[in-house]
Amino acid sequence: MKQLVFQNINSFIRNQDPKNALNLGYVAKIREFFRQYNVPDENYIVKENKEIIFDANLYLDNSDITKLPDNLTINGYLDICHTNITELPHNLTVNGYLDISYTSITKLPNNLIVTSDLFLGNTNIIELPKNLTVVGTIV
């Protein structure tokens, strides 16, 4: 039994970087990202598939944010108005309103889901993707 465990550990280490295999580096980057905006660790989880589930409203308006991580689901509102962000992440779901007004965003990502209102005021967005889902109003 000892030899079998030892062989499995050796092959695991030999074939993959354990830090990457366990997403430890990715989780650390996500924690560092949210901590710079004073977001408590208990507000989100990072799943094994690198999906981030945020269980609170996320107000980053008037902050110095320039990018959000991919595969982000926010179970609340996302307010990034008056920021220097230029694009939204891939696989973004906002279970609340999304306010991107007064940003430099020019295009919405495919498969964006917003379960309330989407605020686009004072952006340069001129076309909406065909697979955009907005349950509320687009303002």
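This passage walks through a predicted protein model, from its overall make-up to a single residue in one of its strands.

The protein has 139 residues, and 38% of them count as buried. Its secondary structure consists of 3 helices and 10 strands. Read from the N terminus, the elements follow the order α-α-α-β-β-β-β-β-β-β-β-β-β, with the helices ahead of the strands. The exposed surface comes to about 8700 Å², and 48% of that area is supplied by carbon and sulfur atoms. When contacts between residues at least 6 apart in sequence are considered, 9% join residues at least 24 apart.

A good place to look next is the sheet. An open sheet with mixed pairing is formed by 6 strands, arranged as β1-β2-β4-β6-β8-β10. Strands β1 (44–46) and β10 (133–134) stand at its edges; each has a single partner strand, so one side of each is left without a neighbour in the sheet. Further in, strand β6 (residues 93–94) and strand β8 (residues 113–114) run parallel and are joined by 2 bridges. Within this pair, Thr 93 has Ile 113 of β8 as its bridge partner.

Thr 73 offers a closer view of another strand in the sheet, β4, which spans residues 72–74. The relative accessible area of Thr 73 is 12%, and this residue is therefore buried, as the value lies under the 20% cut-off. Leaving aside residues up to four places away in sequence, Thr 73 touches Glu 51, Ile 52, Ile 53, Phe 54, Thr 93 and Asn 95. One of these contacts, Thr 93, is the residue already met as the bridge partner of Ile 113 in β8.

Methods:
Residues numbered from 1 in each chain as written. Predicted model: local features only at pLDDT ≥ 70, side-chain atom pairs only at ≥ 80, totals over all residues. Heavy atoms only, no water. Helix = DSSP H or I, 4+ residues; strand = E, 2+ residues; numbered from the N terminus. Buried < 20%, exposed > 50% of the residue type's maximum accessible area, 1.4 Å probe, protein only. Contact = heavy atoms within 4.5 Å. Areas by Shrake-Rupley, 256 points an atom, 1.4 Å probe, with all protein chains shown as cover. Pairing = 2+ DSSP bridges.
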